[in-house]
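Hi,

Here is the structure I promised to pass on to you. Please open it alongside this email and follow along as you read.

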Amino acid sequence: MSKIKGAVVIDENRCKGCNLCVVACPTQTLALSTKEVNHKGYAFCQMVEDTCIGCASCAIVCPDGCITVYRQKKP
C-alpha cells in the first residue's frame, strides 16, 4: 500500500509572513522563520517538519502565490 508524500517549495523572497499557510497546514509542516528575514524584511514561511501529505492547503490560502506543493507516491 502506497502513501502520498508531499514537498513544499516556497519562494522566500515573495513571502510576506502573513502566517495563513502555517494555520492552514493540517500536519504542522510549516512555520515562520524566527532567525531570518527575506530581502523585504519579512519573516518568511519555511518547511520545518518532513510531514507534508501533499494536500496543498498552504498553497491554496497563500495570497501571494509563493507556495508550490509537489505530490509523490511513497513506497
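Below is what I found in it, region by region.

Please keep in mind that this is a predicted model.

**The cysteines**

You will probably look for disulfides before anything else. How many disulfides are there? The count is zero. Cys45 is in no disulfide: the nearest cysteine sulfur belongs to Cys21 and is 3.3 Å away. A disulfide here requires two cysteine sulfur atoms within 2.5 Å, so a distance of 3.3 Å does not qualify. Cys45 is also buried, with a relative accessible area of 1%.

Cys58 has no partner either, because the closest cysteine sulfur, in Cys25, is 6.4 Å from its own, too far for a bond. Like Cys45, Cys58 is buried, and its relative accessible area is 6%.

**The nonpolar core**

In soluble globular proteins, nonpolar side chains tend to be buried together. In this model the largest nonpolar core has 13 residues. Which residues have the most contacts inside it? They are Val8, Leu30 and Ile67. Two elements give two or more residues each to this core, namely strand 1 (3-10) and strand 4 (67-74).

Ile67 is a good residue to click on. Setting aside neighbours within four places in sequence, Ile67 is in contact with Val8, Val9 and Ile10, and also with Cys21, Cys58, Ala59 and Cys62. The Cys58 in that list is the buried cysteine from the section above.

**Cavities**

Searching the whole structure gives two cavities of 30 Å³ or more. The largest has a volume of about 80 Å³. Its lining is made up of 14 residues. Which of them lie nearest the centre? Those are Cys15, Cys18, Cys21, Cys62 and Cys66. Two of these names have come up already: Cys21 and Cys62 are among the contacts of Ile67.

**The loop from helix 1 to strand 2**

Helix 1 (20-24) and strand 2 are joined by a loop that holds Gln28 and Thr29. Although Gln28 is not a glycine, its phi is positive, near 55°. Gln28 counts as exposed, at 63% relative accessibility.

Is Thr29 buried or exposed? Thr29 is buried, with a relative accessible area of 1%. Its side chain makes a polar contact of 2.9 Å with the side chain of Thr51. Beyond its neighbours within four places in sequence, Thr29 is in contact with Gln46, Met47, Val48, Glu49, Thr51 and Cys52.

**The loop from strand 2 to strand 3**

Ser33 sits in the loop between strand 2 (30-32) and strand 3 (45-47). Ser33 counts as buried, with 7% relative accessibility. A polar atom of the Ser33 side chain lies 3.0 Å from the backbone nitrogen of Glu36. Leaving out neighbours within four places in sequence, Ser33 is in contact with Ala43, Phe44 and Gln46. Gln46 also appears among the contacts of Thr29.

**The loop from strand 3 to helix 2**

Three residues are worth a look in the loop that leads from strand 3 to helix 2 (57-61): Glu49, Ile53 and Ala56.

- Glu49 is partly exposed, at 44% relative accessibility. Glu49 touches Gln28 and Thr29, not counting residues up to four places away in sequence. Its C-alpha is 8.6 Å from that of Thr27, with the two positions 22 residues apart in sequence numbering.
- Ile53 is partly exposed too, with a relative accessible area of 43%. Apart from neighbours within four places in sequence, Ile53 is in contact with Ile4, Gly6, Pro26 and Thr27. The C-alpha atoms of Ile53 and Asn19 are separated by 19 Å, and these residues are 34 apart along the chain.
- Ala56 has a positive phi of about 65° without being a glycine. Ala56 is partly exposed, with a relative accessible area of 22%.

If you have time for one view, try Thr29 together with Thr51, where the two side chains make their polar contact. Then turn to Glu49, which touches Thr29 as well as Gln28.

Happy browsing, and best wishes!

Notes. Residues numbered from 1 in each chain as written. Predicted model: local features only at pLDDT ≥ 70, side-chain atom pairs only at ≥ 80, totals over all residues. Heavy atoms only, no water. Buried < 20%, exposed > 50% of the residue type's maximum accessible area, 1.4 Å probe, protein only. Core = buried A, V, L, I, M, F, W, Y, C linked by side-chain atoms within 4.5 Å. Helix = DSSP H or I, 4+ residues; strand = E, 2+ residues; numbered from the N terminus. Contact = heavy atoms within 4.5 Å. Polar contact = N/O pair within 3.5 Å; in protein donor to acceptor, adjacent residues only side chain to side chain. 1 Å grid on protein atoms, 1.4 Å probe; cavity = no way out; pocket = protein on both sides within 12 Å on 5 of 7 lines; lining within 4 Å. Points joined across faces, edges and corners; volume = space filled by probe spheres on them.
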